[in-house]
Amino acid sequence: MSSNSFAYNEQSGGGEATELGQEATSTINPPSAFGLFSSDLKKNEDLKQMLESNKDSAKLDAMKRIVGMIAKGKNASELFPAVVKNVASKNIEIKKLVYVYLVRYAEEQQDLALLSISTFQRALKDPNQLIRASALRVLSSIRVPIIVPIMMLAIKEASADLSPYVRKNAAHAIQKLYSLDPDQKEMLIEVIEKLLKDKSTLVAGSVVMAFEEVCPDRIDLIHKNYRKLCNLLVDVEEWGQVVIIHMLTRYARTQFVSPWKEDEGLEDNEKNFYESDDEQKEKTDQKKKPYIMDPDHRLLIRNTKPLLQSRSAAVVMAVAQLYWHISPKSEAGIISKSLVRLLRSNREVQYVVLQNIATMSIQRKGMFEPYLKSFYVRSTDPTMIKTLKLEILTNLANEANISTLLREFQTYVKSQDKQFAAATIQTIGRCATNISEVTDTCLNGLVFLLSNRDEIVVAESVVVIKKLLQMQPAHHGEIIKHMAKLLDSITVPVARASILWLIGENCERVPRIAPDVLRKMAKSFTSEDDLVKLQILNLGAKLYLTNSKQTKLLTQYILNLGKYDQNYDIRDRTRFIRQLIVPNEKSGALSKYAKKIFLAQKPAPLLESPFKDRDHFQLGTLSHILNTKATGYLELSNWPEVAPDPSVRNVDVIELAKEWIPAGKAKKEHPAKKFYSESEEEEDSSDSSSDSESESGSESGEQEKSGEEEDSSEDSSEDSSSESESEHGSESEVENKRTGKRNSNTKGKSNSEDGEKEDEKTSDSSSAESSSDSSSSGSASESESESESESRKVSKEKEKKTKEDKIPPTKDISLLDLDDFNPVSTPAACLAPALSPSLIADLQGLNLSTPSSVINVSSPVFVPMKTHVLLHRMSGKGLAAHYFFPRQPCIFGDKMVSVQITLNNTTDQKIENIHIGEKKLSNGMQMHVFNPIDSLEPEGSITVSMGIDFCDSTQTASFQLCTKDDCFNVNIQPPVGELLLPVAMSEKDFKKEQGMLTGMNETSAVVITAPQNFTPSVILQKVANVANVGAVPSGQDNIHRFAAKTVHSGSLMLVTVELKEGSTAQLIINTEKTVIGSVLLRELKPVLSQG
């Protein structure tokens, strides 16, 4: 909702009375406090009266309090009848809050909500997009099967709404309708297919979520929209980014071949090094085809990379899992730094991230080894985080860092957190198992821990030592004897059972100790834990078989005790052992194998990571965290052996151009016509040379702006070339007048290209300039002399300085603009085949993934003819001077503001030698003066041009305007709006630049005026009258955007007029030049406020 903070009438004093069920009295609380803390009865009566009031202010206050109750988790369902009456309120603020309430309670009060369904249907046609969206939300919240057709119709209409916010809510409603009536699936898929084609970033995430819920298996719906989704990804909201990335990960696993094949091939070659030559030759023949990544596969990986810098942990995690599952192994390493960055977040985020890192670190240790210290445990970490960090440290342990890690583990063992200390001992055991060089060191350390005061540490050490001793039992008789002595002090059942098992397994190596241990255990048998009792029985059986002389009676005694034990497991084990080891008539054939059964060689335990088998779940999912398949989990498919046809993702080139060029369509259609009709005859060598140059540098261009850059460069070069040629007396101006505008356009274009070449290749500038000059002069007029050619060179050098700020370098030109460069060499028939599927994929990638300059000077929207007095005729002794700003780029310097001065002779005598005398300029300011005027006839007038560099300030330029006899002190002070040049940019670029100019670079004010003054045409007229700005296309009716750059420094000046409810608007200016921004704000505010 765009509205409003909720008012909470919280006043102390009545809360305790409410909780105790007592009735709050007016002596405790004033009447106004009965909003939230009085008894339910009085509170609701109070609110009901306010809702039935005739005053909108009372209703609004009541709704704010009710929504405040909902926000606090209190039940406001009793007020449903009173609230639903106001659903048709004419006050938009009340209506919004009513819809908020209805969304919450419509499902509970379905019957009452159904009574207002006609109101909701009318609201779907409301002019306010928020009301339309809210009505759809309420409608989809009434979960009654009878209104399914109405909901279906509403969703279809909303999916075609002009507002992206309404279309977004339509996508949300699809999921609700599907859960209510799955039979509507086919019709909903049609709506999803339509919404998937939507170009708005606001809709993309929501419709992909609907796709995942309704028809996740319909991959064919994604084909045509795949590249668009990849390119929109950067600008989608964070929630939508997560959903789209997960969906595209699944899509990539079904449409592209494995990028890991190359690595596997290298490993195979190493393994089969010693195979016969014939076999080796066969295998190399099979592997001759190198792996080439599909351009669409690369597009996805490239466009998700910037999101690793996202502030949202969920987005970073989603990109990380995408890289893990679909990128080449050599490129997956970049995610490690971003994941380690997330470890600075709260503990819940840390837990999820560490679980995923634990899984990754098992397969690819090298990714996280540089960040080993980031996984050291902090004393403030909760136990769950500590154990996960231990797991990762164990996975990363190798011969190089194990000594460092063991010192770290020694500290952890002393921790007050006993669960963590026990986990550390298990970690030491795993390190000893994995790295044979430190096995003895770890074992000695664990034996040392057996003398620890803490019983849990000792018990865990015993369990781990038992596992280690299984690997090499013959060498550690002393350790077993030491552990036997600990039986008297250790009380933890698992540790006692482990010691008994160890003694039983090694009873032949400790023949003196084992019988004595059995004697002690027989005494305490009845008081032992069940786990210990089972091991006592096993020990007795093993000793009976190996040392029956000493232990026969003891074993029989223990078996008799076990026979009458309360636990049936122990009774069963006792009966089994008695029949197996004590021979009698009933003994079966197994008795003779008793020794082999009990004293068989046990395999050493394999100490593995609990995260080893989790990699078959998609990283970042609930199923991966739980290690079990959760409801709604969509499995990742295996890579296909052969990639499906990539042409299914191709989009018609015409649709592509329309889709990715939202602004300036008319502007871009014009050069296309010129391509076929005008310039084909006249541009030969200059076009072909610029074409080859643009091909080499076009990869970093940007498709969306290339057309605008081309047009702006044509316009500016045309103007500047015509002006400079008139300045130098070139005959080409006469030619242009004679042959019409066609040749002028052509010449401007060739000049533009010459300027671009000079920027691109400074080392070859002289040769390029001469060759392009000759070609352009040949195309324009073959009769021009060498002297005219020379004068053009001089003018072009001046133009070059002017155009450096306006024309981006050739390497920024998009591939789509190649048709503007070589119409002669590339016939029209070849245009379509030239755009292969992979090329189109790259073109789409260029749209959002590569930055380019957005500062493209455009023609002024409006040129006010208001003149300012420079010299009054009385002060000038008959010489009058006025000046005005033509809002054109200055031909004398790219940092100068163009000023036109009109001189009038109001006397009856000739005024001679009019010129500029002494200049009194502030530091940094410069002035290009007009050439002296020999004479001005009586009643005559003349207009001259000047250029002044005001250094982006409104300070006065003072100078002397002189005649033959007198000098007059005059000054020019520019309005702040004339220090700007209009800029052509798209809405996306505007938002991007605005996002970088916030905080101190942003000034704003609220403007109040009549609604009729807020029409688009009126706003455009008022803003353009004050400031030389360009209009930016806007996808929202209530937001008007304007862009310009300062003449001197080229700093952007972004103006936004956002219409609010009623008769108010917010005026926002974003610029680095905060002084100019605040001055412009002061000038715009009264103009916009006027009727």
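Let me begin with a definition: a residue is called buried when its relative accessible area is under 20%, exposed when that value is over 50%, and partly exposed in between. By that rule Ile597, with a relative accessible area of 41%, counts as partly exposed, because 41% falls between the two limits. Please keep in mind throughout that the model before you is predicted.

Ile597 belongs to helix H33, which covers residues 594-598. Together with Leu590 and Tyr593, Ile597 makes a nonpolar surface patch of about 290 Å².

Allow me to turn to the chain as a whole. Its secondary structure comprises 47 helices and 15 strands. Of its 1091 residues, 52% are buried. The protein chain exposes about 51,400 Å², and carbon and sulfur atoms account for 51% of that area. As for contacts, if one takes those between residues at least 6 apart in sequence, 69% of them join residues at least 24 apart.

I come now to a sheet. In what order do its 5 strands lie? The order is E1-E2-E3-E7-E5, the pairing is antiparallel, and the sheet is open. At its edges are strand E1, residues 868-871, and strand E5, residues 926-928, each of which pairs on one side only. From one strand to the next, the twist averages 30°. As a general reminder, the strands of a sheet pair through backbone hydrogen bonds, in either a parallel or an antiparallel manner.

Within this sheet I should like to single out one pairing. Strand E3, residues 897-905, and strand E7, residues 941-949, run antiparallel and are joined by 8 bridges. On the E3 side we find Val897, and opposite Val897 stands Ile948 in E7.

My next topic is the salt bridges. The count for the model is 34, where a salt bridge requires a side-chain nitrogen of Lys or Arg within 4 Å of a carboxyl oxygen of Asp or Glu. I shall present three examples.

In one of them, the side chains of Arg167 and Asp198 meet at 2.3 Å, N to O. Which parts of the chain does this pair link? Arg167 is in helix H10, residues 164-180, whereas Asp198 is in the loop between helix H11 (185-196) and helix H12 (201-214); the two residues are 31 apart, and the pair links distant parts of the chain. Are these partners buried or exposed? Arg167 is buried, with a relative accessible area of 11%, and Asp198 is likewise buried, at 13%.

Another example joins the side chains of Asp572 and Arg575, at 2.7 Å from N to O. Both partners lie in helix H32, residues 568-581, and because they are 3 residues apart, about one helical turn separates them. Asp572 is partly exposed, with a relative accessible area of 40%. Arg575 is partly exposed as well, at 45%.

The remaining example is the salt bridge between the side chains of Lys988 and Asp989, at 3.3 Å, N to O. Here the partners fall into separate classes: Lys988 counts as partly exposed because its relative accessibility is 23%, while Asp989 is buried because its relative accessible area is 2%. Elsewhere, salt bridges that share partners join Arg227, Asp294, Asp296 and Arg649 into one network.

To close, I return to the residue with which I began: Ile597 in helix H33 is partly exposed and contributes to a nonpolar patch with Leu590 and Tyr593. Thank you for your attention.

Key
Residues numbered from 1 in each chain as written. Predicted model: local features only at pLDDT ≥ 70, side-chain atom pairs only at ≥ 80, totals over all residues. Heavy atoms only, no water. Pairing = 2+ DSSP bridges. Helix = DSSP H or I, 4+ residues; strand = E, 2+ residues; numbered from the N terminus. Axes fitted to C-alpha atoms, helices over the stretch in contact; angles between N-to-C directions. Buried < 20%, exposed > 50% of the residue type's maximum accessible area, 1.4 Å probe, protein only. Contact = heavy atoms within 4.5 Å. Areas by Shrake-Rupley, 256 points an atom, 1.4 Å probe, with all protein chains shown as cover. Patch = residues over 30% accessible without salt bridge, like charges linked within 9 Å, V, L, I, M, F, W, Y side chains within 5 Å.
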